[in-house]
Amino acid sequence: NRPLTPPEIREVQTLLNQKGYRAGPADGVGGPKTMLVTCLVLSDQFHLETLAPVINSFCHPATNSVGV
């Protein structure tokens with residue numbers, strides 16, 4: 001895995017917010033609110049094929065590369 005770039009994080013946040021999840025502002029920072037929402041999305045079995053790998057990287061602390 002490689003670190004997510006701020007534009008990639010921003011895209012995740014935007015998509016989550018558009019789907020009704022409150023991931024916070026689409027600022028490109030993978031903070032605690034973004035991480036919590038992404039893990040909740042996974043636990044809800046919410047899958048967007050293009051988004052799933054990025055969401056997955058937030059929810060695995062051992063491989064988390066976003067610095068949070």
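Let me begin with the surface: the chain exposes about 4,200 Å², and carbon and sulfur atoms supply 59% of that area. What you have in front of you is a predicted model, so I will turn to its confidence before I go into any detail.

Averaged over the chain, the pLDDT is 77, and 63% of the residues score at least 70. Which stretch falls below 50? That is residues 64-68, although in the model this stretch still has 13 contacts beyond near neighbours in sequence. Where pLDDT is low, the predicted coordinates should not be read in detail. Among the elements, helix α1 has the highest mean pLDDT, at 93, while helix α3, which covers residues 52-58, has the lowest, at 68.

Now to the overall layout. The secondary structure comes to three helices and zero strands, and reading along the sequence gives the pattern α-α-α. Of the 68 residues in the chain, 37% are buried. If we take the contacts between residues at least 6 apart in sequence, 39% of them join residues that are at least 24 apart.

I would like to spend most of my time on α1. This helix has 13 residues, and from its first C-alpha to its last it reaches 18 Å, close to the 18 Å expected at 1.5 Å a residue. Which residues of α1 are buried? They are I9, V12, Q13 and L16. Looking down the axis of α1, we find these buried residues within an arc of 95 degrees, and so they line one face of the helix. On the other side of α1, by contrast, P7 and Q18 are exposed. After the helix comes G20, which has a positive phi, near 95 degrees.

Let me take two of the buried residues of this helix in turn, beginning with I9. This residue lies in α1, and I9 counts as buried because its relative accessible area is 4%, where the cut-off is under 20%. Its C-alpha is separated by 9.9 Å from that of G31, which is 22 residues away along the chain.

Q13, also found in α1, has a relative accessibility of 0%, and therefore counts as buried. What does Q13 touch, once residues up to four places away in sequence are set aside? The answer is A23, P25, A26, D27, G28, V29 and T34. As for M35, which is 22 residues from Q13 in sequence, the C-alpha to C-alpha distance between the two is 9.9 Å.

That brings me to the nonpolar core. The largest one in the model has six residues, namely V12, L16, Y21, A23, V37 and V41. The elements that give two or more residues to this core are α1, spanning 6-18, and α2, spanning 32-43. Two of the core residues, V12 and L16, are also among the buried residues of α1 that I listed a moment ago.

Finally, let me go back to the start of the chain. N1 sits in the segment before α1. Is N1 buried or exposed? With a relative accessibility of 81%, N1 counts as exposed, because the cut-off for that class is over 50%. N1 and S57 are 56 residues apart in sequence, yet in space their C-alpha atoms are 8.0 Å apart. I would add a word of care here, since S57 falls within the range of α3, residues 52-58, the helix with the lowest mean pLDDT in the chain.

Technical notes: Residues numbered from 1 in each chain as written. Predicted model: local features only at pLDDT ≥ 70, side-chain atom pairs only at ≥ 80, totals over all residues. Heavy atoms only, no water. Core = buried A, V, L, I, M, F, W, Y, C linked by side-chain atoms within 4.5 Å. Buried < 20%, exposed > 50% of the residue type's maximum accessible area, 1.4 Å probe, protein only. Helix = DSSP H or I, 4+ residues; strand = E, 2+ residues; numbered from the N terminus. pLDDT = per-residue confidence, 0-100. Contact = heavy atoms within 4.5 Å. Areas by Shrake-Rupley, 256 points an atom, 1.4 Å probe, with all protein chains shown as cover. Expected span 1.5 Å × (residues − 1). Arc of directions from axis to C-beta.
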